[in-house]
Amino acid sequence: MKIQTYLYVVGYSILYFLLSVTIYFISFSSGFNGLALPVFGGGDDGQFYYEQTLKFINDESYVYTSIHIWILGIVLKVFNTENVMVLRIFNFTGSFLLIILALLILKKIATFKAFHISASSLVVLLSFYPSLLLNSTLSIYRDVWIYTFFLWCSYLFINIFIAKGRWPRIVSGILLIVGMLTLGGYRKYALLSFLIGAGIYLFLNVFNRKNLNLLKVSGILFVGLTVFYIFFKNMKIPVLGLSISDVLKYRQLGLEAGGSQMGISLDQPNVLLFYVNYLYSLISNFIGPLPWQVTGGSTLIIMMTEGSVFLIIFIYLIRKVRVFSKVEVFLLIQSIVWFLLISISNDNFGTGSRLRIIGWLPLIIIFAKFLGENIYNKKIRKVINK
């Protein structure tokens, strides 16, 4: 990487670190222990994780929701402290690892000459991705580690099955298993999504080596989901431990309790109505809220800062999908599978803006690759024309 890219990475790190520290001091001085901002009030997920972590390290009864509690407890034990700032720095480490992994994946798909421009573009895009920035710095949420381990698993899979890396495959395989176990410990359906995406890629690669395309990927997913919905709706899904019926009932409870923002019911009497509403949910989770779904300031901000930008990126990538490399097809599959899964369960824009980060990270990496190459080619043409 050129010095320019290194400077961008440093800028990204400083931005995330300073924002986290600033939020900590504002929160602490406002009586929220450095875990939340006054405008959001107390009692958020970060406060919950901190309380349960203290109970864990003090051998008291605690509520286990994910491996995040154990890992935060280990961090506090290692440093022999209960200081929230230590946990914030730990989460900052996750943000730093995320950008490094994103760049390593980008290196697998970008051309050598244009890599520094693509890398700089990627760092800038991730530096000013509002939901990623907030969820990584606002508190001690587990989300940044879910994003990081998802990219870690994707990178190792690429090294093993698509573009051979520097490490021996046995080493990458062991690290991949550890990464998947950790990812599942943080969020089970993130692991499920990765496994489904990896399985679909391997299936397509075995039976369609010469022609991996979006149409075949979509066809397999459509047929698979239809079969599952009609014949296996009540079957418990491995890893997740829930059936499609369980997930739909959970979503329906949110609708009935007033916790929904999208207002989309997927618990339908037939598969046709299910797909009509499911497509609406998919679009809403992918680039929503749509203009008619804006209900207040928060949804308007999400639409203006994320939804509109994502729509532009999506249109750009659709025009390039025919020239995707195998690595890019794998990343695309992972993104598609993730959005298909969260669109079944999620009916809230606030939650959706946090969840969809996993699906958009691979797409942003691909977009940065093409953007960098486009900028590089324009520079070359200007030099030639002179």
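How many aromatic pairs does the count come to? In this predicted model, the answer is 30 aromatic pairs. Two of these pairs give a feel for how the rings meet.

Take Y12 and Y16 to begin with. Their rings sit 4.4 Å apart, centre to centre, with 35° between the planes, so the pair counts as tilted, since tilted pairs are those that are neither under 30 degrees nor over 60. Both residues belong to helix 1 (residues 3-29), and because they are 4 residues apart there, about one helical turn separates them. As for cover, Y12 and Y16 are both buried.

F157 and F194 make a pair of the edge-to-face kind, with 90° between the planes and 6.2 Å from centre to centre. Here the partners come from separate helices: F157 is part of helix 7 (residues 143-162), while F194 is part of helix 9 (residues 188-207), so the pair ties together parts that lie 37 residues apart in sequence. Both F157 and F194 are buried. They also have company, as one aromatic cluster takes in F150, F157, F161, Y189, F194, Y201, F330 and W338.

Now for the surface, and for charge rather than rings. A patch of positive charge is found there, where K378, K379, R381 and K382 gather. One of its members, R381, is located in helix 15, which covers residues 349-385. How far is R381 exposed? Its relative accessible area is 44%, so R381 ranks as partly exposed, a class that runs between the 20% limit for buried and the 50% limit for exposed.

Technical notes: Residues are numbered from 1 along each chain as its sequence is written. This is a predicted model: local features need pLDDT of at least 70, side-chain atom pairs count only at pLDDT 80 or more; totals for chains, interfaces and linings use all residues. Side-chain values use heavy atoms; hydrogens and water are left out. Patches are made of residues with over 30% relative accessible area and no salt bridge: like charges are joined within 9 Å, nonpolar side chains (Val, Leu, Ile, Met, Phe, Trp, Tyr) within 5 Å. Accessible areas come from the Shrake-Rupley method with a 1.4 Å probe; for residues, only the protein chains shown count as cover. A salt bridge is a side-chain nitrogen of Lys or Arg within 4 Å of a carboxyl oxygen of Asp or Glu. Lys and Arg count as positive and Asp and Glu as negative; His and the chain ends are not counted. The place of a charge is taken as NZ of Lys, CZ of Arg, CG of Asp or CD of Glu. Helices (H or I, at least four residues) and strands (E, at least two) are DSSP runs, numbered from the N terminus. Buried means under 20% relative accessible area, exposed over 50%, partly exposed in between (1.4 Å probe, protein chains only). Rings of Phe, Tyr and Trp (its six-membered ring) pair if their centres lie within 6.5 Å; planes under 30 degrees apart count as stacked, over 60 as edge-to-face and the rest as tilted.
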